[in-house]
Amino acid sequence: MEAASASLWEREEEIAAVVQAIDTLSADDSSTGSLLMVRGEAGIGKTALLAEIRRIAERRNCTVWSARGGETLKSVPFNVVRQLLQPALVSLMPEEAREYLGDWYDIAGPALGITEPGERQADPQGVCDGLVAGVRRLARRDWPLVLLVDDAHWADQETLRWLAAFAERLDDLSVLVVVARRPGEVSGESARHLDAIAAAAGRPDATLSALTPGATAGLTRATLGAHADAPFCREVWAVTGGNPYETVELLAKVQDSELEPTESAAAELRALNRSARGGGLVARLEELGIDATRFAWAAAILGTGISVGLVAQLATMDHDDALRCAELLQDARILTEPDPANAQVGDGDLEFVHPLIATAVYNSIPDALRTAMHGIAATVVADSGLGAAMASRHLLQVHPDDDEELVWQLREAAREHLAVGAPDAARRCLERALLEPPVPEVHARVLFELGCATLLTAPATTIDHLQSALGMPGLDGDERVDAVYRLSQALLHNDQMEEAVRTVEAEAARHEAGPTKMRLQAVQYMWEGIYAGEATSPGRSQRLADLASTCTGRDNSERALLMLRGFDALLRGENAEEVVELCDRALVNGRLAPGLGWTDTEWGIELLLMLANSYTYTDRLDRAESLYNEALRTYESAGWSGGHLALAHAHVGIGHRRRGRLREAEDSLRESLRLAERVGRGLPLYWCISCNLVEVLLARGHVDDAWAIADQTGFAPPYTSAMVMPDPRSVRGRLLLAVGRTKDGINELEEVEKAVAARGHHNPVLVPWALDLARALASEDPVRAGRLAADTRRQAELFGWRRRPWRIWRPRPVSTSMRRPASSTGSLRGLLPS
């Protein structure tokens with residue numbers, strides 16, 4: 001084997017596995033995709049193995065896309081996935097790219113840098129799904145396709161999230177993915193994503209080992225000549241530990257020094273090895289002169305896109321001097337020209353020979369100088385047209401210094417990150433802006449922006465930021481009201497329902513009567529309406545009714561109050577026709593008013609779900625389904641693939657359930673559950689989905705499946721403090737009865753009875769506990785069972801069910817048995833469901 005292929009010594013087993021995977025891929029375009037994870041320490045030969053995989057794949061007429069993580073580029077969102085897709089993207093005209101990406105073009109396109117982002121903050125999960133869909137379509141075009149990701153431990157978090165999602169879907173896509181990483185190196189979300197990628201491989205990682213003494217001897221003789229004696233070869237192995245990179249570098253040093261490979265010269269190997277890495281490398285760099293050192297430092301600061309022109313600007317040297325330094329560093333094997341086979345668009349003229357060298361050079365820069373160079377690099381990058389987001393990775397390294405311009409640049413970078421679906425990158429920018437710190441009149445706004453950036457990913461953190469922002473000057477008028485609303489949303493998502501209510505209530509008390517106060521009152525009533533606790537203030541429903549009676553629907557605050565009043569009337573079991581009339585008044589020509597759409601952030605999804613559910617449970621199913629389907633279409637087209645889309649699918653399922661289409665209901669709810677699993681458990685939306693899925697499975701008679709779902713999703717006490725329809729305790733009680741745990745079921749349903757009495761939610765359609773409890777008590781306490789059934793019928797008639805077919809039960813014709821004394825169990829037969 002040639003010296004140039006040094007890192008492939010003793011890699012026969014790994015190469016054989018790759019050859020087999022490529023042959024399987026190339027044989028049939030319907031073959032199942034596969035993933036290989038290569039793990040190894042720095043310098044062990046991962047990059048050389050991936051280069052060999054590229055050569056093998058290209059010889060078999062495969063398309064190969066490759067990308068590489070960078071130690072100083074981890075904060076640049078979508079950096080690695082952009083590299084990976086560049087070969088495909090640069091070959092497409094804009095209209096072709098739109099054709100291949102389809103509906104995902106406007107969602108994933110900004111993350112890839114091929115189109116401008118929209119006005120709204122992008123949903124991170126939607127962008128991830130768009131990238132998965134887009135790559136899948138491109139992969140089918142370019143079959144057989146091999147994807148190579150090197151140094152994945154340094155990949156940005158957004159890329160790793162995409163790669164984990166893509167790896168999960170290789171079963172129906174013929175593509176080979178090879179990922180190389182070091183062990184350790186990462187933690188948190190990135191580590192979780194890497195673990196998920198490894199799990200998708202379905203096989204143990206290929207862990208690369210150091211060279212054996214025999215392989216090291218073979219490599220030494222292949223490089224220096226067959227006359228290298230055994231003691232010399234053994235010392236090469238002892239000095240390098242069999243690390244291929246260090247072995248190659250040491251042998252190059254031996255050649256440069258014209259050292260004879262004999263036992264007598266072996267003692268000099270350790271000194272030569274020290275000069276090839278770490279402090280020795282730095283000393284060797286300094287020997288090249290101050291200009292070459294400055295050039296290398298500037299290259300290390302840039303990390304990627306190392307062009308002579310950019311480095312010259314950063315190192316403040318003229319172009320001719322920069323060219324001379326580049327040649328010196330190439331001769332010293334510190335920098336090299338990119339491999340044409342692996343080169344990416346925008347890679348620049350040069351790259352470091354190995355990441356170990358880049359790290360050593362970067363760490364050798366004096367701290368104060370390194371910080372200053374990052375500040376200059378930010379300007380150089382921004383001036384070159386790469387934008388504030390790309391420059392922000394340098395700004396993050398600059399020491400705080402009361403710089404108003406830097407705060408503005410970081411806020412601008414955060415906006416760009418949010419626009420492409422990278423809230424974590426935006427968070428880092430805004431957190432760094434706070435350290436500057438901002439001037440007092442801007443400080444609260446930065447905290448507000450930071451709270452908005454973390455709302456989807458860290459509600460508890462959002463709460464802290466927004467509370468701090470509201471406690472200082474700088475937020476006034478509508479901006480302050482928006483911050484209060486966002487804070488209450490975060491409290492809601494963090495299951496702090498009562499705090500959400502009190503926060504809005506306190507802010508409303510600060511305002512005089514008018515549109516602002518009315519909006520805050522509406523939000524307060526909205527959170528109270530979905531709060532399942534017992535802390536609702538006395539007379540709430542009457543106050544809401546009085547306020548709504550003054551509303552004509554002339555603005556969105558009034559429309560919101562009409563929706564809330566209709567929903568409250570539904571919960572309390574008031575007349576269904578009045579509920580519908582209130583909801584109709586909240587619409588404009590039968591449609592949602594501008595500013596009250598499913599993606600509008602001023603009011604949120606909760607209000608619109610209250611409206612749609614009011615139609616659902618008053619049997620205006622055409623109107624309800626129109627709203628549910630509009631939500632589904634809106635979120636899909638906007639690329640919102642998180643909790644909003646999960647809730648939309650869930651409520652489409654609820655609509656199917658109300659029409660009796662149980663199989664369709666189950667399908668929608670299972671899809672909803674799949675989406676919700678990605679968002680996280682314990683949230684109100686997760687309770688809504690699991691509750692309705694259990695209820696549908698029970699209605700289908702699939703008791704075992706219902707119990708399995710309840711166990712899988714944790715559908716058991718303690719319950720969420722947010723209200724869920726139908727009532728989770730009622731559904732849980734029914735489930736316990738269905739699996740034969742009668743006593744537990746009765747206890748659960750009796751707890752519902754107490755809660756209903758406290759809350760005043762008497763609508764048996766929404767809280768269907770009474771008839772299940774009556775059925776369970778029929779044999780042991782027929783008097784109570786009969787009373788429960790009769791009360792339920794009375795409440796249903798008050799709601800208005802007398803004028804439409806019964807949906808709670810189907811009464812049988814009265815028989816003589818119905819005239820027995822109340823103590824007889826037969827008195828329930830006409831009231832209880834068959």
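**View 1. Thr316 sits in the loop between helix 15 (308-315) and helix 16 (319-331).** This is a predicted model, so treat each close-up as a look at computed coordinates. Thr316 isn't a glycine, yet its phi is positive, at about 50°. Most residues other than glycine have a negative phi. As for its surroundings, Thr316 is exposed, with a relative accessible area of 61%.

**View 2. Arg333 follows up with another positive phi, near 60°, in a residue other than glycine.** Look for Arg333 in the loop between helix 16 and strand 6 (335-336). Is Arg333 buried, exposed or partly exposed? With a relative accessible area of 24%, Arg333 is partly exposed; the cut-off for buried is under 20%.

**View 3. The loop between helix 34 (703-713) and helix 35 (728-738) holds Pro718, and Pro726 is in that loop too.** Which kind of peptide bond runs from Pro717 to Pro718? That bond is cis, with omega near 0°. A cis peptide bond also joins Met725 and Pro726, and here omega is about -10°. Most peptide bonds are trans.

**View 4. Strand 3 (residues 145-150) is largely enclosed by the rest of the structure, because six of its six residues are buried.** Leu145, Leu147 and Val149 point one way from the strand, while Val146, Leu148 and Asp150 point the other way, and all are buried. So Asp150 shares the buried setting with its nonpolar strand-mates.

**View 5. Strand 3 pairs with strand 2 (residues 63-68) through six bridges, and with strand 4 (residues 175-181) through five.** Strands 2 and 3 run parallel, and strands 3 and 4 do as well. To find your place, note that Ser66 stands opposite Leu148 in strand 3, and that Val149 stands opposite Val179 in strand 4. From strand 3 the chain crosses through helix 7 (residues 157-167) to strand 4, a β-α-β crossover that is right-handed.

**View 6. Helix 26 (residues 540-548) has buried residues Arg540, Ser541, Leu544, Ala545, Leu547 and Ala548.** Why are they on the same side of helix 26? They cover an arc of only 165° around the axis, which puts them there. An α-helix has 3.6 residues a turn, so residues three or four places apart point the same way. The cover over the buried residues of helix 26 includes helix 25 (515-529), helix 27 (556-571) and helix 28 (576-585).

**View 7. Trp527 is among the residues with the most contacts inside the largest nonpolar core, which has 143 residues.** Trp598, Val694 and Trp769 are named alongside Trp527. Helix 33 (residues 684-699) gives the most to this core, with eleven residues. Leaving out residues up to four places away in sequence, what does Trp527 touch? The list is Tyr485, Ser488, Gln489, Leu492, Met497, Ala500, Val501, Val504 and Glu606. Apart from this core lies another, of 53 residues, among them Leu84, Leu145, Leu194 and Ala198. In soluble globular proteins, nonpolar side chains tend to be buried together.

**View 8. Cys62 and Cys233 make a last stop, and the disulfide count for the model comes to zero.** Cys62 is buried, with a relative accessible area of 8%. Cys233 is buried too, with a relative accessible area of 1%. A disulfide would be a covalent bond between the sulfur atoms of two cysteines.

Note on methods:
Residues are numbered from 1 along each chain as its sequence is written. This is a predicted model: local features need pLDDT of at least 70, side-chain atom pairs count only at pLDDT 80 or more; totals for chains, interfaces and linings use all residues. Side-chain values use heavy atoms; hydrogens and water are left out. A nonpolar core is a set of buried Ala, Val, Leu, Ile, Met, Phe, Trp, Tyr and Cys residues joined through side-chain atoms within 4.5 Å. Buried means under 20% relative accessible area, exposed over 50%, partly exposed in between (1.4 Å probe, protein chains only). Helices (H or I, at least four residues) and strands (E, at least two) are DSSP runs, numbered from the N terminus. Contact means heavy atoms within 4.5 Å. A disulfide is a pair of cysteine sulfur atoms within 2.5 Å. The arc is that of the directions from the helix axis to the C-beta atoms. Two strands pair if DSSP finds at least two bridges between them. A crossover is right-handed if, with the strands pointing away from the viewer, the path from the first strand over the helix to the second runs clockwise.
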